Amino acid sequence: MENKLILGDNLDILKKWTSEGKKEFIDLNYNDPPFNSNRNYNILFNPKTDTVEEAFRDTWSSIKYFDLLEDFKENDVRFYEFLKKLEVLLPTDSLKSYIITMGITYWYIYKMLKPTASLYHHCDPTTSYYIKIVLDKIFGFNNFKNEIIWKRIYSTGGVKSGNTRFGNNHDVILWYVKSKVYTFNEPYQPWPEDHFKKALEKGQHFDDNDGKGQYFWSCLSFASEKKIKELTQKDEIRYKSTAKYPEYKCYIKNSKGIPIGDIWTDILPLTPKIIKYPTEKPEKLMERIILTGSNKNDVVADFFNGGGTTIITAIKLNRNFVGVDLNHRALQLTYKRLDKLKMIAKENYYIEGIPRSSKDLRELVNKNIYGKDKDSKYALEDITTKWYLEKVQGNIKKSGDGSIDGRFSFIHNKKPMKGIVQITSSASKNHFKAFCSEVSKGTGDIGVYITFEDTLTKGIIKEAKEYGRIGDVDKIQILTFEDLIDNREQYKLPKDILLI
Ligand SMILES: C[S@@+](CC[C@H](N)C(=O)[O-])C[C@H]1O[C@@H](n2cnc3c(N)ncnc32)[C@H](O)[C@@H]1O
């Protein structure tokens, strides 16, 4: 099993896997899709500035699900008709879009789950009742195990009064299994430290000082004759005239702790200071789900990877992983977290959808996937600004952009300054000159020109030097894809700077 991080729309990946005959390889799948909150989430580069980039959109109203549904029809007419009926009942357009898209996604995901697998779907009351109907249909009503309530914030409303309703402070996690044979490593909470002392004092527990330790009396509503005989011989059973059933001594030392119920209030939310990705979930939450629903070396998948909390926790717990997200930044952050973890060597995982070497990138450019024809023209710019370059915001304007594909800001000698970036698969003198003249006009204090090494000429390199220096670095910098990707180099900023 290869550990994988995949850039792309999960539905496209699932369809591709299905067409390749891939199936039943996932042991545990946790998904935390956007919740239909009608918000767009931003990643903040630096809170002191307003340099933000949209991380992901949480609005379903703009997604056109009609074609998706019609395309799906031939896969499973009965499920298609089920979705059509549900569509009529759903109250809003965005809910229709969310439920139908998620329904089709789960239809494919189901095929990728092993017969012993579990699915945990994270949502909130906005969608939980509707998505349950769909999941009941796919997994089977009897394969629904729990609705877990996770108290995700302490309170809402704070100290202010005058709220118009109770605070929304819980999320819902729906747990489904694929068959009767599944993994459930029952989680326990440790007993409070003074629990046993207090229970003895209160007369709730007993100790016969026979070395067996503390026990309490528990009702024996059903037992075989053999069991009753055994308990009687060990003097571990009693009969009360007032009770219908006998009671037996339930020894505490056999108790692993307090079994965890379906309301989780013991996992603290992340504080805004440590959140690196919008709506990031705490590792403790993932730890509980992964430890309960999988074993070592199992495959844990997250089709809405975000900042990668699921797979980071999975690695720490010796599981294999698959993480999918359509957002570059999400995968970039996950990649950084993986790098920091150092628990998994780079050769042991694979990033699909992002070239990992300049040679791979060149191949994609040559195949017209990145960079040549009209539709793919901007993919090279997008992937370079979002994935390889640090703290650069890609230019949203794709044409008439005045030679600018990305921008960054910094402070030099206490003055705010700007950098501009131009990205091309093949440099030419005229193209380079046009970029340099933008810098000369003052559009940028530093200009970074990125291209493949073999398209650079001596003339271009010489001309770049002629624009002089800012602090201790060149004003016009040429960075090759070879440096950027293979050697992990970045553009250079003057020493006395503060990157913002
Ligand atoms: C709520 S976030 C997940 C947060 C994650 N649980 C964490 O702890 O960081 C949802 C993620 O789903 C991604 N997403 C939304 N639609 C997607 C799709 N169709 N395919 C792949 N990823 C998608 C978004 O880009 C976003 O990163």
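The legends below describe three close-up views of a predicted model. Local features need pLDDT of at least 70 and side-chain atom pairs count only at pLDDT 80 or more, while totals for chains, interfaces and linings use all residues. Residues are numbered from 1 along each chain as its sequence is written.

**View 1. Helix 5 (residues 128–139) and its buried side**. Helices (H or I, at least four residues) and strands (E, at least two) are DSSP runs, numbered from the N terminus. The twelve residues of helix 5 reach 15 Å from first C-alpha to last, close to the 16 Å expected at 1.5 Å a residue, with the expected span taken as 1.5 Å times one less than the number of residues. Tyr 130, Ile 131, Val 134, Leu 135 and Phe 139 are buried (20 or more other C-beta atoms within 10 Å of the residue's own, C-beta atoms being placed from the backbone). They lie on the same side of helix 5 because they cover an arc of only 150° around the axis, taken from the directions from the helix axis to the C-beta atoms. Gly 140, with a positive phi near 100°, follows helix 5.

**View 2. Surroundings of Ile 99**. Leaving aside neighbours within four places in sequence, Ile 99 is in contact with Leu 86, Leu 90, Tyr 130, Ile 131 and Val 134 (C-beta atoms, placed from the backbone, within 7 Å).

**View 3. The open sheet of four strands**. The strand order is 9-10-12-11, with antiparallel pairing (strands pair if DSSP finds at least two bridges between them). Strand 9 (206–207) and strand 11 (237–238) are the edge strands. Phe 206 has Tyr 215 of strand 10 as its bridge partner.

Conventions. Buried ≥ 20, exposed ≤ 12 C-beta atoms within 10 Å, placed from the backbone. Contact = placed C-beta atoms within 7 Å.
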